[in-house]
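Biologist: Could you walk me through how to read a few features of this model? I would like the general idea each time, and then the case here.

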Amino acid sequence: MLMKTLKIILHILFVIPLCVLILISTKRQQEKIIQFWCKRLLSIFEIKVEVQGLNSFLYNQKQYLMVANHISWMDIIVIQSIKPSIFVAKSDVASWPLFGWVAQMTGTIFIKREKVSDIKKALKKMKRRLIKRSVCIFPEGTSTNGRYLLPFKSNLFQSSIDTNKSILPLCLRYKQKGTYSDKVAFIDDMSLVDSIIKIKNENDISVEVDVLQPIRPRGNRKELAVYVQEILHKNLSQNLS
């Protein structure tokens with residue numbers, strides 16, 4: 001267990017020179033670097049990623065507004081390991097030790113959802129990024145234990161409508177020995193360090209990522225948010241055991 005802890009610490013620190021390398025790399029190289037680091041971190045934590053469904057959409061060169069349910073900070077690592085993307089995150093993340101700096105260096109768009117002006121700024125950035133990169137959002141606005149979905153906030157769905165980019169729904173499910181587990185959930189008053197320690201001490205953790213059919217933007221943002229939520233809710237309820 002001590003060796004595992006040491007590997008985690010060293011790999012997290014290894015991200016510092018990688019971020020410097022990202023600054024002088026091409027878009028494709030940046031994605032490869034991010035993907036490599038995330039895959040390695042998952043390997044150290046001994047978390048197995050199982051991609052299901054229409055996974056071919058992860059590997060084409062199209063840009064999507066990716067929409068996922070939110071359970072943990074680990075969701076970002078998982079998604080980056082299979083489809084390097086730009087993320088939209090709460091402004092609080094920017095203040096996290098090291099991880100906040102890494103998020104800034106890798107192009108994360110930070111947002112204070114309670115401020116209308118912040119939402120407008122985030123939307124402008126999202127639309128610019130969607131020209132060349134996929135952007136991923138967690139429209140619940142916070143994380144859950146993974147058994148249910150909170151109502152989707154619709155504001156950021158406007159980026160799909162304005163850019164005419166399809167939405168790619170991703171349904172995440174964490175399991176332990178093949179059955180539902182909340183061991184990875186980042187909820188309540190848990191700190192990032194507490195979460196890392198908790199996950200490190202677990203074994204046989206896996207995460208299923210179900211890639212669903214892309215959705216063309218339709219109607220207004222509120223209708224679109226409800227529609228995508230219903231699709232993810234159906235998938236989650238049918239496959240959670």
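Modeller: Gladly, and let's begin with Asp75, which lies in helix α3 (helices are DSSP runs of H or I, at least four residues, numbered from the N terminus, as are strands, E, at least two). This is a predicted model, where local features need pLDDT of at least 70, side-chain atom pairs count only at pLDDT 80 or more, and totals for chains, interfaces and linings use all residues. Residues are numbered from 1 along each chain as its sequence is written, and side-chain values use heavy atoms, with hydrogens and water left out.

Biologist: Which side chain of opposite charge is nearest to Asp75?

Modeller: Lys90, 11 Å away, so Asp75 is buried without a salt bridge. Buried means under 20% relative accessible area, exposed over 50%, partly exposed in between (1.4 Å probe, protein chains only). A salt bridge needs a side-chain nitrogen of Lys or Arg within 4 Å of a carboxyl oxygen of Asp or Glu. The Asp75 side chain does reach the backbone nitrogen of Ile71, at 2.6 Å.

Biologist: And how should I read a helix with buried residues?

Modeller: An α-helix has 3.6 residues a turn, so residues three or four places apart point the same way. In helix α7 (residues 192-200), the buried residues are Leu192, Ser195, Ile196, Ile199 and Lys200. Down the axis of α7 they fall within an arc of 130°, so they line one face of the helix (the arc is that of the directions from the helix axis to the C-beta atoms).

Biologist: What do the buried residues of α7 pack against?

Modeller: They pack against α1 (2-23), α2 (27-45), β1 (47-53), α3 (74-82) and α4 (99-105), where contact means heavy atoms within 4.5 Å.

Technical notes. Lys and Arg count as positive and Asp and Glu as negative; His and the chain ends are not counted. A polar contact is a pair of N or O atoms within 3.5 Å; within protein, one must be able to donate a hydrogen and the other to accept it, and residues adjacent in sequence count only if both atoms are side-chain atoms.
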